[in-house]
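Reader: I should be grateful for a close look at the interior of this protein, with the residues concerned named throughout. Please give the account as one connected description.

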Amino acid sequence: NIHKVTGPLFYEALHDELAEIEGEKQVQKREFRLREFREKISRIKVLDPACGSGNFLTETYLGLRKLENRVLENLYGGDTARLFQMDPIMVTVDQFYGIEINDFAVEVAKTALWIAELQMIEQTREIMGVWIEPLPLKSNDNIHCANALRMDWNEVLPASECDYIIGNPPFLGYSNQSPTQKDEMRAIWIDCDGKPIKAAGKIDYVSAWYYKASQYMFGQRLCAAFVSTNSICQGDQVAPIWKTLDDLFGTRITFAWKTFVWNSEAANQAHVHVVIVGFTTDRDVAEGQKRLVFDAHSEGRVVSNINGYLSDAPNVFVEPRKKPLSDIPAMQTGNRPADGGHLIIEGEDYQAFVAEEPGAVPFIRPFLGSREFINGLQRWCLWLEGTTQEDIHRLPKVAERVEQCRQDRLAAPDEGRRKLAAQPHLFREQKCSDHPYLVVPSVSSERRHYVPIGYVSAETICSNLVFIVLDGGIYEFAIMSSQMHNAWMRAVAGRLKSDYRYSQDLVYNTFPWPSPAPEQRQRIEDCAQQVLDVRGNYPDKSLADLYDPDKMPSVRRQAHQALDGAVEAAYGVDFGGNEERIVAHLFRLYADAVEREK
């Protein structure tokens, strides 16, 4: 995992350079270049501003020493006459600098570097067959015990002397940050006017290292790469983080690993979903490098640009909107019960409840959130809108649940929820329709190529775990079911671990809809109806089954592909389903639409 950081940042280029030198056929030229290469790697200086116990520094030191050992073997290996002329080891632990807030971890990091130094001396001995004296060990004063967010990194290593910044700074969402850490975020995330940015209190703690690194690198030919929580490249954190860094420092992303699980050797390791982002503030450095994007198991592909969403697309920053960018029906969240669960009847409890209280049946409605909608599960709720106190008291089991809801609301710490106790028979919101309406699950598996959306009956009550479009027709269903919309969602939405987290303000309201000709619209609607008809042919299968990429019927896939083609045509493009080109095109349309609003 550490090599995913250091490899694209610099190590793979050094490895390739050495391999090319080794292929030089002229002996004297090869030896000259080998010595030059060795000098070069002995001058590299690396800073880890959140070094912990030194894993990144140690592994990077080992990597450079292995390259040096290869040089030594090329120059002196097997030539006993020349071994006595062998230069002393040039790559040292003095090239590695760290900042760490925990004093014990600082000592561990120093010790780890010393142990690594001894290991590499032993390997050099074995390769060369000569004794190298390991003692005395040099004192390692380059690992500093300090708070990296409250100091000038130049005090540890002047930026003019640094080559690379690496590390795995701590991840902490806003709700997990201490008051001190929240103060640090507000003090660091300063805009062009010297004021804290509005989102300083809502972005992940790890982002502060990106700000400090960009500030430290500004005006220098430096590159950096950090492991980070994937939230900084998804959803509503992208604009405040990457737009601010672009505005202040011209920060550019040079390579990236998209979301993957960071594994460790711990017995009970947590499955942390991370990204790796390489970046620089030097335009010449950015333009002089191949931009590489890696997926979880890919070798990496060269792209023309990497934006804050880690997409091969323009540097456009999508910001949440309260109203749609296009002229489309409004989307809203479903109904928030705020009832402590007392107005909800679980599927397994339904039969027993209606057996005891048969008079309640007219007041019971199907109730669904994302899980029920996608998996075809049954859940119910008491929907008592329009009832009177007399109606409720004639139904003792219903009255009992209403009273429990009242008590739950009265005991709430939130004043707004306590006020709801005046109407304990009602959900916090009452959003329903007199006709079927569209439902979009708020969370959906990353394995699905399409978020499964669909219609529900007028009597169905949707929870706040889905989004609803009460006036959505077949055309809206079609566009939202297309690859165009799903590609946009994948690019800009947040994630719950790695699952898609749909957003009304950030996905639906920002999506640039097409303007189809009448015949194009008719074609789109016909294809959408075919998608619904295919679903109807499998009444015993849930949407989870139908949209599982390993199980989906081929006829369903074909219906969606036909719809995708019809929607692309409405945009006046033919990308053949190439998602990179789709996303780049949508970012351009979004930027143009926002510009027209100004």
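**The interior of the predicted model**

Author: C51 has a relative accessible area of 5%, so this cysteine counts as buried, the limit being under 20%. The model under discussion is a predicted one. It contains zero disulfides. For C51, the nearest cysteine sulfur belongs to C145 and is 9.5 Å away, and C51 takes part in no disulfide. C162 is likewise in no disulfide, the nearest cysteine sulfur being that of C223, at 10 Å. With a relative accessibility of 5%, C162 is also buried. A disulfide requires two cysteine sulfur atoms within 2.5 Å.

These two cysteines belong to a protein of 598 residues, 53% of which are buried. The fold comprises 21 helices and 20 strands, and its C-alpha trace extends over about 105 × 60 × 50 Å along the principal axes.

The enclosed space comes next. A single cavity of 30 Å³ or more is present, and the largest cavity holds about 70 Å³. Its lining consists of W242, D246, T251, R252, I253, I306, N307, G308, N315 and F317. Two elements, α8 and β6, each give two or more residues to that lining. By class, four of the lining residues are nonpolar, four are polar and two are charged.

The loop between β9 (301-303) and β10 (332-333) includes L310. L310 has a phi near 60°, a positive value in a residue other than glycine. Its relative accessible area is 3%, and L310 is therefore buried. A comparable description applies to A338, which is placed in the loop between β10 and β11 (344-346). A338 is not a glycine, yet its phi is positive at about 50°. A relative accessible area of 9% means that A338 is buried.

From the enclosed space the account passes to the open pockets. The largest pocket contains about 1,600 Å³ of space. Its lining comprises 49 residues, and those nearest the centre of the pocket are K202, Q234, G235, D236 and Q237. At least two lining residues come from each of α8 (238-249), β7 (272-280), β18 (466-469), β19 (494-496) and α17 (504-508). The greatest share is that of α8, with six residues. Helix α8 therefore appears in two linings, since it also gives two or more residues to that of the largest cavity. In the largest pocket the lining is made up of 20 nonpolar, 17 polar and twelve charged residues.

The second largest pocket contains about 750 Å³ of space. Of the 31 residues that line it, K258, D295, R490, R495 and E579 lie nearest its centre. Two or more lining residues are given by each of β6 (252-262), β7, α16 (483-492) and α21 (579-597). Here β6 gives the most, with four residues. The lining of the second largest pocket divides into 13 nonpolar, seven polar and eleven charged residues. Strand β7 is named for this pocket and also for the largest pocket.

Burial may also be followed along individual helices. Helix α3 (residues 55-76) is made up of 22 residues, and its first and last C-alpha atoms are 31 Å apart, close to the 32 Å expected at 1.5 Å a residue. Of these 22 residues, 16 are buried, and α3 is thus mostly covered. Helix α13 (residues 396-410) has 15 residues, and its end C-alpha atoms lie 21 Å apart, in agreement with the 21 Å that 1.5 Å a residue should give. In α13 the buried residues are V398, A399, R401, V402, C405 and R409. Viewed down the axis of α13, these buried residues fall within an arc of 165°, so they line one face of the helix. In general, residues three or four places apart point the same way, because an α-helix has 3.6 residues a turn.

M128, finally, belongs to helix α5 (residues 103-128). Its relative accessible area of 6% means that M128 is buried. M128 and P314 are 186 residues apart along the chain, and 51 Å separates their C-alpha atoms.

How values were computed:
Residues numbered from 1 in each chain as written. Predicted model: local features only at pLDDT ≥ 70, side-chain atom pairs only at ≥ 80, totals over all residues. Heavy atoms only, no water. Buried < 20%, exposed > 50% of the residue type's maximum accessible area, 1.4 Å probe, protein only. 1 Å grid on protein atoms, 1.4 Å probe; cavity = no way out; pocket = protein on both sides within 12 Å on 5 of 7 lines; lining within 4 Å. Points joined across faces, edges and corners; volume = space filled by probe spheres on them. Nonpolar A, V, L, I, M, F, W, Y, C, P; charged D, E, K, R; others polar. Expected span 1.5 Å × (residues − 1). Arc of directions from axis to C-beta.
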